[in-house]
Amino acid sequence: MADEQAEFNLKLVLVSFKQCLNEKEEVLMDPYITGWKGLVRFSAMGLLWALAMKMAIEEINNSSALLPGIHLGYDLYDTCTLPMVTMKPSLLFMSQIGSRDIGAYCNYTRYWPRVVAVIGPHSSELALMTGKLFGFFLMPQVSYGASSDRLSNRELFPSFFRTIPSDRVQLQAIVDLLSLFNWNWVAAVGSDDEYGRQGLSIFSTLANNRSICIAHEGTLPLPRVQESRDLGKVESILRQINQSIVQVVVLFSSEAAARNLFQYCIQTNVSPKVWVASEAWLASEQVIRLPGIQGVGTILGFLLQSSPLPEFSDYVNQCLTQAANQTFCNTLGEAPPQSDDDVVGPQCPQCDDISHKDIASGLDHYQPFSVYAAVYSVAHALHLSLGCNASGCPSQNRTRPWELVSKMYDLRFSARSLTLQFDNSGNVNMTYDLKLWVWHSNTKLELLTVGSFREGLELNRSQIRWHGQGNEEPVSRCSRECEEGQVRRVKGFHSCCYDCLDCKAGTYRQNRDNSSCTVCEYHQWSPDLSTQCFPRTIKFLAWREPVVIALLLLLVLAVGLSLVALGLFCYHWGSPVVQASGGNLSCFGLGCLTLVCLSVLQFPGRPSRVSCLAQQPLFHLPLTGCLSTLFLKSAEIFLASEFPGQAGRLRNWLHGPRAWLLVALLLLMEGALCTWYLLAFPQFMMTDWQALPREALMHCRVRSWFSFGMVHTVNVALAFLCFLGTFMVQSQAGRYNLARGITFAMLVYFITWISFIPLFANVHKLYQPAMQMAAILLCAVGILATFYLPKCYLLLWESHLNSQEFFQSFLELGPWDRGEDQEGKAVKKESQ
């Protein structure tokens, strides 16, 4: 049928159809399957593929735009889906022009085979076999249906191209569909051939990457020659699926194996499922025509989106009408026999009387564009290789298969309304339509488009009709979806079967597939059952805190009392009570005590480096000044009580400039300790991210507790000496006992700071500054209340006791002077 008008004859050869035009199928009788032994079956799909190729070639030959002056010839061979049948014409294609022999050469660059390109086969299994043969000769081979991902390997198949995407693209679309509906507990079934096995392998990998679990997986035996064990495999697969909670089955199978499976489903009343179909059987007439197929459930699948060929149906009718004309058939019979008739094999009786009725249903669902585009891809490559232009193709240019292959790499060509391009692996990137089986009146099937897939899945959920009651969307999960803030604890072998665990505070669920809670960053926090972390806010002992407000009220009271006492002491400067208390030293002590109270103002508020450094000196130095005045008074009392004979001689060391010198020396010692502390172990500001659940705590941290204790040594020593010098002194009848006020003041000091140690160690870090404020204020108020305020009481309400006799010091009159003691009692009685 090649056109000899061209200067040289080019042949495109179709290594034919997925279904054999004269395929013989033997089906064993089975109680659940109806079959006929020795049935010779005609494949309408195979005929339509052949006619689509024929239409494309005639269209190119009748056009002067693509290959002007060149007419393409073609040979059609039926593969019968059998490797041996396929290899016979494949070897014939590689024979040299004018012979049926294949030359054996070391270099095939000058080799001229019988054909320049091969279209087909449709089957991946056959394409894997022929692809290596044609690849050895660098013969361009363009398949319209072989979708195995292995064919993308350029090292093994350097001359293989196809006008459909790889199975990996379709399977990625299926995985996206499952993920979109949250179906993560599915069954996967494939046919026991290259197409099904490779598809299951890729699907398993893609599903695992998307956390989709395959509850059951199996392969369907090919129904070429059925045995009882094959039916047992089908029964076992369906029984597992039917007895489980799986509601979705991915069926990546050839149409013959799919038909066999659904026959068994219908006979055994398998409960309806969602069947996700592969392109191989989604539009198959063998499956669609099965009686009772409407009851198997919802069938979804992806079909390539192609450019419409509206005239194809009329072309098929024209060919069938022509074939029914007896005159035309007689003309064919008079044609000379072909030299390769032995390749064709036995003729098909049904092929002699084919009507439009036999293939009408196939035309409704068949998309011939992939075959059409395959022919056009070779024609465009020839156009480039032959250097064709508007005026024609130069006759001196001849092209060999390997030269044609070089033009097809990254070839960009147009076929009707679509522009396609082969990528580095010989695939084309096309859009898939998501199709849904919709039955009208339970007899007429419509493949309804409900979505599309190119780089991502787009879906129109409202158009989908489910098989369940009320059009309820099926659920196929091993375990319920965890709530927000819960993670999965896997049980068993599948990650989709799990228990839900709550995420505790400080952790969160990063994504739905997490098996453990993720710990928040150090600068973040989270509540229970959280799916995110929040930034921590800065927290410190603020002025508005209730405890700080209470301490500030105590501070106001303490400062107010100390200032009142200082004012009274200054007003009654020369009175006996002030002079007995120390005179100007007592006023200095009251001033220092006021500064001690005011030092607590540095603790509330946002800490800083300066405030952390100044905390200890601002407190210890005023306290040392106060305690040094009390130390001088206690030393005076101690000398009078223990060494009355020498008290008068030592009195000058405890009064006047020498007393101020001693106070200065004590302050200098404390200042030296504070300086050493600041230089060697300075307190520093730090941010503690873990102390509080939601905030970051800013506080001053003590670098060395030993050095912190050393700063207290001068004050502790002064308080201890004051206590030792006064607690054993006996009171004198009729005179004011100065020793008791100092004794109780030191008891308050020790009780306060000894209690402070365990309380400070156990209180929360946030309130440790408040604890220091409380200790300082209590210490100051205790000294004020036990030593200074009683004297203020005498000055205000017991002024008659403010006499020289009542406040006569021990230095002037010892406790063992009995006569003066009696006189003192008499003076007291007279005053009363």
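Me: In this predicted model, which residues of helix 16 meet helix 18?

Reply: On the helix 16 side, the contact is made by Leu555, Ala558, Val559, Ser562, Leu563, Ala565, Leu566, Phe569 and Cys570. Their counterparts in helix 18 are Ser586, Cys587, Leu590, Thr594, Cys597 and Leu598. Sorted by class, this contact comprises 12 nonpolar, three polar and no charged residues.

Me: How should the geometry of such a pair be read, and at what angle do helix 16 and helix 18 pack?

Reply: Two packed helices are characterised by the angle between their axes together with the distance separating those axes. Here, helix 16 (residues 546-571) and helix 18 (residues 584-598) pack at about 165°, and their axes lie 9 Å apart. Angles over 145 degrees count as roughly antiparallel, so helix 16 is roughly antiparallel to helix 18. The crossing of the two helices is left-handed.

Me: Turning to empty space, how is it located, and how many cavities of 30 Å³ or more does the structure hold?

Reply: A probe the size of a water molecule, rolled over the atoms, reveals where space is left empty. In this structure there are three cavities of 30 Å³ or more. The second largest has a volume of about 80 Å³.

Me: Which residues line the second largest cavity?

Reply: The lining consists of Phe603, Gln615, Gln616, Phe619, His620, Phe708, His712, Trp753, Phe756, Gln772 and Ile776. Two or more of these residues come from each of helix 19 (609-642), helix 24 (738-762) and helix 25 (768-797). Helix 19 contributes the most, with four residues.

Me: What is the chemical character of that lining, by class?

Reply: The lining of the second largest cavity divides into six nonpolar and five polar residues, with no charged ones.

How values were computed
Residues numbered from 1 in each chain as written. Predicted model: local features only at pLDDT ≥ 70, side-chain atom pairs only at ≥ 80, totals over all residues. Heavy atoms only, no water. 1 Å grid on protein atoms, 1.4 Å probe; cavity = no way out; pocket = protein on both sides within 12 Å on 5 of 7 lines; lining within 4 Å. Points joined across faces, edges and corners; volume = space filled by probe spheres on them. Nonpolar A, V, L, I, M, F, W, Y, C, P; charged D, E, K, R; others polar. Axes fitted to C-alpha atoms, helices over the stretch in contact; angles between N-to-C directions. Parallel < 35°, antiparallel > 145°, perpendicular 65-115°, else oblique. Left-handed = near helix turned anticlockwise from the far one by under 90°. Contact = heavy atoms within 4.5 Å.
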